Amino acid sequence: QVNAGRIERDTCVSDRGDDAAPVGIASGNCRLDERTVGHILRDAARLLRPLRDAYPDAAAVRELLGLVHYRLGQYPAASKELTAFADLTGSVEQHPVLMDCWRAQHRYRKVDELWRDLANASPSAALVTEGRIVLAGSLADDGSLDEAIATLERRGADAKRVQDHHL
């Protein structure tokens, strides 16, 4: 249960699925059920919206609100906030998430544009790989399955020393 900002013990579920494991926030063995997570995320959105309205140029607020909307499956709202974050900061660090928001809305051109921005910025290999996976999903959703597969195969084939982002 979520009560006045506290998560009660009975909302925790043992990762092992039995009663033998100690369960509780303090024990570190707590996994919240989806309903509780949903309540927490909706509360976060409720608290963040007035901050966003009062401080529309606060990039961290726009980013966090966008991620909350994304996790709630509210893709139009998430894309609005994450686009504002990218515009305010010039950062591409949330581009894979933003790409996925546009993919969910069947806005495949937007996904392609963001992919080009991400690839040109060439941030960390892990971030580019995440974007590549979303791009491939977008291509597949749009009916270009062969191109989607080629997008995923393109990167790992020439690796001399295989790293996590090649897998």
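For what follows, "partly exposed" means a relative accessible area between the 20% under which a residue is buried and the 50% over which it is exposed. Glu-147, at 46% relative accessibility, therefore counts as partly exposed. Keep in mind throughout that this is a predicted model.

1. Overall layout. The protein chain has seven helices and four strands. Reading from the N terminus, the order is β-β-β-β-α-α-α-α-α-α-α, so the strands come before the helices in the chain. Of the 167 residues, 34% are buried. As for long-range contacts, take the pairs at least 6 apart in sequence: 35% of those contacts join residues at least 24 apart.

2. Glu-147, since I opened with it. This residue sits in helix 7, which spans residues 145-156. Its C-alpha is 10.0 Å from that of Leu-135, and the two are 12 residues apart in sequence.

3. Salt bridges, the count. How many salt bridges does a search of the whole structure find? The search gives seven. In general terms, side chains of opposite charge can pair when their charged atoms come close. I go through some of the pairs below, and then a network.

4. Arg-71 with Glu-34. The closest N and O atoms in this salt bridge are 3.5 Å apart. Arg-71 belongs to helix 2 (residues 59-71) and Glu-34 to helix 1 (residues 34-54), so the pair ties together parts that are 37 residues apart in sequence. On accessibility, Arg-71 is partly exposed at 43%, while Glu-34 is exposed at 54%.

5. Arg-46 with Asp-43. Here the partners both lie in helix 1, three residues apart, or about one turn of the helix. Their closest N and O atoms are 3.7 Å apart. Arg-46 has a relative accessible area of 48% and is partly exposed; Asp-43 is partly exposed too, with 30%.

6. Arg-103 with Asp-141. The closest N and O atoms of this salt bridge are 2.7 Å apart. The pair links distant parts of the chain, with Arg-103 in helix 4 (residues 95-104) and Asp-141 in helix 6 (residues 125-141), 38 residues apart. Arg-103 is partly exposed, at 23% relative accessibility. Why does Arg-103 not count as buried? Buried means under 20%, and Arg-103 comes out at 23%, so it falls in the partly exposed class. Asp-141 is partly exposed as well, with a relative accessible area of 41%.

7. The network. Some salt bridges join up: Arg-52, Asp-53, Arg-62 and Glu-81 are linked in a network.

8. Helix 3 against helix 4. Two packed helices are described by the angle between their axes and the distance between the axes. For helix 3 and helix 4, the axes come within 9 Å and cross at roughly 145°, and the crossing is left-handed. Helix 3 contributes Tyr-75, Ala-78, Ser-79, Leu-82, Thr-83 and Ala-86 to the contact, and helix 4 contributes His-95, Val-97, Leu-98, Cys-101, Trp-102 and Ala-104. Sorted by class, the contact has nine nonpolar residues, three polar ones and no charged ones.

9. Ser-91, in the linker. Is Ser-91 buried or exposed? With 18% relative accessibility, Ser-91 counts as buried, although it is placed in the loop between helix 3 (75-89) and helix 4. A polar atom of the Ser-91 side chain lies 3.0 Å from the backbone nitrogen of Glu-93. Leaving aside residues up to four places away in sequence, Ser-91 touches Phe-85 and Ala-86. Ala-86 also appears among the helix 3 residues that make the contact with helix 4.

10. Gln-94, in that linker too. Gln-94 lies in the loop between helix 3 and helix 4 and is buried, with a relative accessible area of 12%. What does Gln-94 touch, not counting residues up to four places away in sequence? The residues are Glu-63, Leu-67, Leu-82 and Phe-85. Phe-85 is a contact of Ser-91 as well, and Leu-82 is one of the helix 3 residues in the contact with helix 4.

Note on methods
Residues are numbered from 1 along each chain as its sequence is written. This is a predicted model: local features need pLDDT of at least 70, side-chain atom pairs count only at pLDDT 80 or more; totals for chains, interfaces and linings use all residues. Side-chain values use heavy atoms; hydrogens and water are left out. A salt bridge is a side-chain nitrogen of Lys or Arg within 4 Å of a carboxyl oxygen of Asp or Glu. Helices (H or I, at least four residues) and strands (E, at least two) are DSSP runs, numbered from the N terminus. Buried means under 20% relative accessible area, exposed over 50%, partly exposed in between (1.4 Å probe, protein chains only). A polar contact is a pair of N or O atoms within 3.5 Å; within protein, one must be able to donate a hydrogen and the other to accept it, and residues adjacent in sequence count only if both atoms are side-chain atoms. Contact means heavy atoms within 4.5 Å. Axes are lines fitted to C-alpha atoms, for helices over the stretch in contact, and angles run from 0 to 180 degrees between N-to-C directions. A crossing is left-handed if the near helix is turned anticlockwise from the far one by less than a right angle, and right-handed if clockwise. Ala, Val, Leu, Ile, Met, Phe, Trp, Tyr, Cys and Pro count as nonpolar, Asp, Glu, Lys and Arg as charged, and the others, Gly among them, as polar.
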